[in-house]
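Please look through the structure below with the sequence beside it, and keep both in view while reading the paragraphs that follow.

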Amino acid sequence: MRILVVEDDLEAQRYLVNGLKEAGHVVDDAADGDTGLTLALSRPYDVAIIDRMLPRMDGLNVVAEMREHGNTMPVLFLSALSEVDDRVKGLKAGGDDYLTKPYAFVELLARIDALMRRRSPSSVKTKLSVGDLELDLLTRTATRAGRAIDLQPREFRLLEYLMRHAGQVVTRTMLLESVWEYHFDPQTNVIDVHVSRLRAKIDKGFEAPLLHTIRGAGYMIRAR
Amino acid sequence: MRGSDLRHWVPGIFHTQAFRIVLVYVFVFAVSATALVGFTYWYTERSLDAQTDQIVDAELSELSDRYLRLGLLGLIDEVDNRWMHGGTSLYILADASGQRITGNLLQWPSGVQRTGDFAEFDYQRTVQGNLVTRRARGEAVVLAGSFRLLVARDVYERHLTRRLFTTTLPWSVGLMLLFGLVGGALMSRNVLRRLDSINRTSAEIVAGDFSRRVPLTDAHDEFDALAENLNRMLDRIERLMKGMREVVDSVAHDLRTPLNRLRNRLEETQRKLEADSPFQEEIDAAIAETDRLIGTFNALLLIAEADSGAARGAMTAIDLRAVVADVAELYAPLAEEKNVALEVLPAGALSVEGNRSLISQALANLIDNAIKYTPDGGRIAVSLGETPSGIDLAVADTGPGIPASERARVLERFVRLESSRNSPGTGLGLSLVAAVAKLHGAQLTLGDAEPGLKATLSFPRARKSREIGE
């Protein structure tokens, strides 16, 4: 995957680029808004990671300009600013996701994976399946190996999100943001309890577990 | 003015200070005008009476003198002479039994019994062939030989004037009040219009649009002076808030950047290490410590923002019942795992003006705390209810509670009770709740749930701006 990194803190940029390269991506970098915009408009990228505060041209303006030129590449904002209104501003300017510094690298990786996946929307699905687990989005029912699984509405949304990102790491924060629409950090790991309940419903009594905990990162649903 | 306008401002106008002032003024004016006119009337009447009385007294003494000198016949002569030759006075001379001897009064008036005192009475007289009743004022004396003599003057004109006065005075006072009311209404409407524009601007600013300013007019009057002062004050507040915002942002930026590098470096080092390296655990611990530091920092920043009002950007009408249901749902499995019953007491739809994310976070903190401190088998009740002053959102648990003497202290930043020193947390949870409450004009109170702690967020009733002058 080709990724554009626009970050003026050179040390942070180096870590970011190295980390992404290690994860197998092709990375271009820019240290100011102007250069970033030029790169974004001249080359095809799968995703751009743009710092919110940049010299020469602010990150918000870079994205606004990109959108004005009809560029729809997914953008993840990185910001060291305080959070309350800033997320809203970032998303309004045309950003697709927003991550506050300091962030965990796995969190960033998981989010750009999700963004790139979003870019290629397969035809509208009414059924999701992972292994023998099936989720019918129309009847809102779940079955595993033909056996019906009884899910609460929130558990259904949780499972749906995990299955839409099957094979990808999904972090706790991503779940909290997408399934519960909360952008704060609950002090206790409430998400873990929700996931373990869901796991009990879909994996208990089956030989091959589908819902896996990825140590230090989050969760992933996949059929082995 | 259209009908709907009228309906809008008529109820409003009675509540304006201008109208009340005009009303009081008109009332005082009416009372004093009435008093002045009344006094003038009373004084004039008294003077006129005194004049009448003087003439009557003079005539009486002349006539008594005549009687003494010339006897009864002389008196009769004189009396007849007086009334027949164009005199304007009224006379009657009667004997001891009250029988008329002479005079232009046809009979002794029944109203005059006593002598030596002025009295008013009605009498009858022919005017152009008609018998009419008129009013007179006079004095009677008893002469030697028990003859009685009455001299009086017609005061019918004055009597008419008085009647005219007593019937017109209420009318003129009424008219005065009416004009006063109309004038007051017009004046208050003007004042209202100006005040309303100030009010509307303030309401818009409270609602979050800080770029609004009170409009000025060409009148250059007190209202414009007030508006200018308000605008200057608003400019200043805006500058201060912007300054606060910039400070928060630059502190955030300047601290997050090195923290970011620190965390990046730790992660990179960890990636470079062998998976089974003994340093893995050390670095994990260091990362966890960094994350704790970040957590504390974020909480402090959020508190600072909420405290300063800088975070109020996204205020919308939110349904508290939905917020409670969502947060409770998030925490339900955790509570169940700890064998604590988390109950949401039923409530109607109640909405407040607020920031959903912040209120959710505040409630999450309260529930998180409650779960942390409630022992196995305990119960947590989240309730939502209307009070006379607004809406109360309460979280009550059956944990150990907080001693009354410590309650104020735990709302301070970083304060943790001795008994909870060893459980995880930043000590900022309740401070954040308090800051969020402050941002929403709400009050956080800690009370006794007997046993346990009851934390209540009291939101004020949603402000309804007055609908006038639209």
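In this model, which is a predicted one, a good place to begin is the end of a helix in chain A, where H7(A) is followed by Glu181(A), a residue whose phi is positive, near 60 degrees. The helix H7(A) itself runs over residues 172-179 of chain A, and its buried residues are Thr173(A), Met174(A), Leu175(A) and Val179(A).

The next helix to consider is H8(A), which covers residues 190-203 and therefore has 14 residues, reaching 20 Å from its first C-alpha to its last, close to the 20 Å expected at 1.5 Å a residue. Which residues of H8(A) are buried? They are Val190(A), Ile191(A), His194(A), Val195(A), Leu198(A) and Ile202(A), and because these residues cover an arc of only 130 degrees around the axis, they lie on the same side of H8(A). Just after H8(A) comes Gly205(A), which takes a positive phi of about 85 degrees.

These two helices belong to a chain that has eight helices and 12 strands. Of the 224 residues in chain A, 41% are buried. If one takes the contacts in chain A between residues at least 6 apart in sequence, 57% of them join residues at least 24 apart.

Some details of the backbone of chain A are worth finding one by one. A cis peptide bond joins Lys101(A) and Pro102(A), with an omega of about -10 degrees, and Pro102(A) has its place in the loop between strand S5 (97-100) and helix H5 (105-119) of chain A. Further along, in the loop between S7 and strand S8 (141-144) of chain A, is Arg140(A), which has a positive phi of about 55 degrees although it is not a glycine. Is Arg140(A) buried or exposed? Arg140(A) is exposed, because it has 12 other C-beta atoms within 10 Å, and a residue counts as exposed if that number is 12 or fewer. The loop between S8 and strand S9 (147-149) of chain A holds Ala145(A), which is likewise not a glycine and yet has a positive phi, of about 50 degrees. Ala145(A) is exposed as well, because 10 other C-beta atoms lie within 10 Å of its own.

Strand S7 of chain A, which spans residues 133-136, contains Glu134(A). With 17 C-beta neighbours inside 10 Å, Glu134(A) counts as partly exposed, since this class lies between the exposed residues, with 12 or fewer neighbours, and the buried ones, with 20 or more. Leaving aside residues up to four places away in sequence, Glu134(A) touches Lys127(A), Ser129(A), Ala142(A) and Thr143(A). Glu134(A) and Ile149(A) are 15 residues apart in sequence, and their C-alpha atoms are 9.8 Å apart in space.

From here the view can widen to the place where the two chains meet. How many residues does the contact take from each chain? It takes 36 residues from chain B and 28 residues from chain A. On the side of chain B that touches chain A, the elements that give two or more residues are helix H4 (222-272), helix H5 (279-308), helix H6 (320-337) and helix H7 (356-373) of chain B. Among these, H4(B) gives the most, with 14 residues. By class, the residues on this side of chain B divide into 13 nonpolar, 11 polar and 12 charged.

One helix pair shows this meeting of chains in detail, for the axes of helix H1 (residues 10-22) of chain A and H4(B) come within 10 Å and cross at roughly 35 degrees, in a crossing that is left-handed. The contact is made by Glu11(A), Ala12(A), Tyr15(A) and Glu22(A) of H1(A), together with Asn260(B), Arg261(B), Asn264(B), Glu268(B) and Arg271(B) of H4(B). Sorted by class, this contact of H1(A) with H4(B) has two nonpolar, two polar and five charged residues.

A second helix pair lies within chain B, where the axes of H7(B) and helix H9 (residues 429-439) come within 9 Å and cross at roughly 145 degrees, and this crossing is also left-handed. Here Leu358(B), Ile359(B), Gln361(B), Ala362(B), Asn365(B), Leu366(B) and Asn369(B) in H7(B) meet Gly429(B), Leu432(B), Val433(B), Val436(B) and Leu439(B) in H9(B). By class, the contact of H7(B) with H9(B) has eight nonpolar, four polar and no charged residues.

Technical notes:
Residues are numbered from 1 along each chain as its sequence is written. Chains are lettered from A and ligands numbered from 1 in the order in which they are written. This is a predicted model: local features need pLDDT of at least 70, side-chain atom pairs count only at pLDDT 80 or more; totals for chains, interfaces and linings use all residues. Helices (H or I, at least four residues) and strands (E, at least two) are DSSP runs, numbered from the N terminus. Two residues are in contact if their C-beta atoms, placed from the backbone, lie within 7 Å. Ala, Val, Leu, Ile, Met, Phe, Trp, Tyr, Cys and Pro count as nonpolar, Asp, Glu, Lys and Arg as charged, and the others, Gly among them, as polar. Axes are lines fitted to C-alpha atoms, for helices over the stretch in contact, and angles run from 0 to 180 degrees between N-to-C directions. A crossing is left-handed if the near helix is turned anticlockwise from the far one by less than a right angle, and right-handed if clockwise. The arc is that of the directions from the helix axis to the C-beta atoms.
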